[in-house]
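Walk through this model from one turn outward to the whole chain. Keep the sequence and the structure side by side as you read.

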Amino acid sequence: MDFMHDQLADGRNIRLFNVIDDFNCEGLEIEVDFLLPSERVIRLLDRTSALAAKHGIRIDYIQPRQLQQNAYVERYNRTFRYDWLAHHLFKTLD
């Protein structure tokens, strides 16, 4: 799981919450909006935790500020930002 943010061509900020499967680097959930208030993030975390528990999936946590421990989601974020957002989101604003 990781948060990411970016800026649209018109200057508005967007926030993203990405959940990936480290085993196959598949995106399990992506939440995108201009704001992600704490209540919404809590719902997302609860839903993700419940799904993991239901399927016997272990959630591993990294140490704070140790991004190299979270390389899969960091690479996923970069790919998502440059390949998907740049192509789809910015194209729709033209």
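**From hairpin to whole chain**

Cys25 takes a positive phi near 55° in the hairpin of β2 and β3, which has 4 residues between the strands. This is a predicted model: local features need pLDDT of at least 70, side-chain atom pairs count only at pLDDT 80 or more, and totals for chains, interfaces and linings use all residues. Residues are numbered from 1 along each chain as its sequence is written, and side-chain values use heavy atoms, leaving out hydrogens and water.

Now follow the two arms of that hairpin. Strand β2 covers residues 13–21 and strand β3 covers residues 26–33. Strands (E, at least two residues) and helices (H or I, at least four) are DSSP runs, numbered from the N terminus. The two arms pair in the antiparallel sense over 7 bridges. Pairing requires that DSSP finds at least two bridges between two strands. One bridge joins Arg15 to Asp33 in β3.

Next, the sheet. It is open and has 3 strands, in the order β1-β2-β3, with antiparallel pairing. β1 (2–7) and β3 stand at the edges, each with a single partner strand, so one side of each has no neighbour in the sheet. From one strand to the next, the twist averages 25°. Axes here are lines fitted to C-alpha atoms, for helices over the stretch in contact, and angles run from 0 to 180 degrees between N-to-C directions.

A helix comes after the strands. Helix α1 (residues 38–54) lies across β1, β2 and β3. Its direction is at about 165° to β3. Contact means heavy atoms within 4.5 Å.

Look back at one residue of the sheet. Asp21 sits in strand β2. Is Asp21 buried, partly exposed or exposed? Its relative accessible area is 26%, so Asp21 is partly exposed; buried means under 20%, exposed over 50%, and partly exposed in between (1.4 Å probe, protein chains only). Leaving aside neighbours within four places in sequence, Asp21 contacts Glu26 and Leu28. Ile59 is 38 residues away along the chain, with 9.7 Å between its C-alpha atom and that of Asp21.

Finally, the whole chain. The protein has 2 helices and 3 strands, in the pattern β-β-β-α-α along the sequence. Of its 94 residues, 26% count as buried. Among contacts with a separation of 6 or more, 43% link residues 24 or more positions apart. The protein exposes about 7000 Å², with 54% supplied by carbon and sulfur atoms. Accessible areas come from the Shrake-Rupley method with a 1.4 Å probe; for residues, only the protein chains shown count as cover.
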